[in-house]
Amino acid sequence: MQHGIYLDNAATTKMREEVLQEMLPFFCGNYANPAAIYSPAGAVKKAVGTARERTAAMIGAKPGEIYFTAGGSESDNWAIRAVAKGAADKGRHIITSKIEHHAVLHTCEYLERQGCEVTYLDVDSDGLISPEAVEKAIRPDTILISLMAANNEIGTLEPVARIGEIARKRGVLFHTDAVQAYGHVPLNVETMHIDLLSASGHKLNGPKGVGLLYCRENLRLHPLIFGGAQERGRRAGTLNAPGIVGFGKAAQLAKETMRERSEKETVLRDYLIDRVLAEIPHTTLNGHRRERLSNNANFCFRFIEGESLLILLDQQGIWGSGGSACTSGATEPSHVLSAIGMSREDARGSLRLTLSEETTKEELSYVAEKLKEIVGRLRGMALSPPAR
Ligand SMILES: *Cc1c(COP(=O)(O)O)cnc(C)c1O
């Protein structure tokens, strides 16, 4: 990639060099199918096993509870559809929230068309889901609670442990989309009472196109992909050995560096937030001030058009995002910003900047200066606040 300041780490991250090195032998060197019985296949199988251990260790799971997939979207689809299928005789009611990723929301909408009932919980103005509201929404026919661990747009960290406790107490399965949280904040499937969890390699400096679904061992997991007997007969398809190995290495490194990395990112994130809020008028922070991902800053600059801001920032070599990558290009305001109560106009003036461990204070100082300049210029061009 050309030289610039990459602040879109919630969309995807740079793969670490150590991850690439770990993957390389499995492309042209030992390319055996790990399901084969000849000896080279044994080495691939062993490497996949190591990745299973490493990815499980991140969340306090057993290696046998990890199913490798083609990414976070597949894991979300699979978890929700598997429970809807497996628990159909118990009920057809699912609880989720209005701020979930589209991989969860669109799966729920699909299931509604198949006869399921879905409750989409509101969130407060910081994007927090209320555990009390979760408990109140539980009905005798509720089969699943699917709520994210951290929001990908506004960075808000959700009270996963309390929600897990409620789900367990009421005998309802709990799935969490932890794609943004996995490798970034501590997670433990035992203490947090999580039954199913989705994660993805490319959000923690691993490769794209590989993810995992954790599924508690005593649960019967209905397959989503039919075919061969891979992944204990639950997920067919020749294993993406290089990807899985890379995901495992990324997980190991992320676990080792999590504390130090998040402390460093938090300091830089707060430096950026404090400067932008102090120096640019009519600006607010989207998401919770403290209960947020250590690398996420999401601003609303009133009276400007987010698209123009992104283009002008790009001209200065600064790469951010107007909402989530999946919704940019669409003219509709982001469903997350709408759910926290923002008006259409304000939602359109929003900017998400997500840091990496390589981000420096000098870069953020430059970004703050440029933002001040560009936002001022755009507002000047508009002459007066746009008519409603
Ligand atoms: C990125 C993301 C996904 C999708 O993961 P992919 O691996 O890109 O399919 C799902 N949920 C959240 C919260 C995400 O941030």
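**Helix α8, its sheet, and strand β3**

Analyst: Helix α8 bends by about 60° at M258. The model is predicted, so local features are restricted to pLDDT of at least 70 and side-chain atom pairs to pLDDT 80 or more, whereas totals for chains, interfaces and linings use all residues. Residues are numbered from 1 along each chain as its sequence is written, and side-chain values use heavy atoms, without hydrogens and water.

User: What does the bend at M258 in α8 refer to?

Analyst: A bend at a residue is the angle between axes fitted to the seven residues ending there and the seven starting there. At M258 that angle is about 60°.

User: What span would a straight helix of 39 residues have, and what does α8 span?

Analyst: The expected span is 1.5 Å times one less than the number of residues, which gives 57 Å for a straight helix of 39 residues. Helix α8 (residues 241-279) spans only 49 Å between its end C-alpha atoms. Helices here are DSSP runs of H or I with at least four residues, strands are runs of E with at least two, and both are numbered from the N terminus.

User: What makes the approach of N240 to G243 at the start of α8 a polar contact?

Analyst: A polar contact needs N or O atoms within 3.5 Å; within protein, one must be able to donate a hydrogen and the other to accept it, and residues adjacent in sequence count only if both atoms are side-chain atoms. A side-chain oxygen of N240 reaches to within 3.0 Å of the backbone nitrogen of G243, and therefore meets the distance limit.

User: Why are β9 and β12 described as standing at the edges?

Analyst: The open sheet has the order β9-β10-β12 with antiparallel pairing, where two strands pair if DSSP finds at least two bridges between them. β9 (283-285) and β12 (350-354) each have a single partner strand, so one side of each is left without a neighbour in the sheet. β10 (residues 296-301) and β12 share five bridges, which therefore satisfies the requirement of at least two.

User: How do you know whether T96 is buried or exposed?

Analyst: Buried means under 20% relative accessible area, exposed over 50%, and partly exposed in between (1.4 Å probe, protein chains only). T96 has a relative accessible area of 0%, and is therefore buried. T96 lies in β3 (residues 93-97), where five of five residues are buried. The side chain of T96 also reaches the backbone oxygen of S146 at 2.9 Å.
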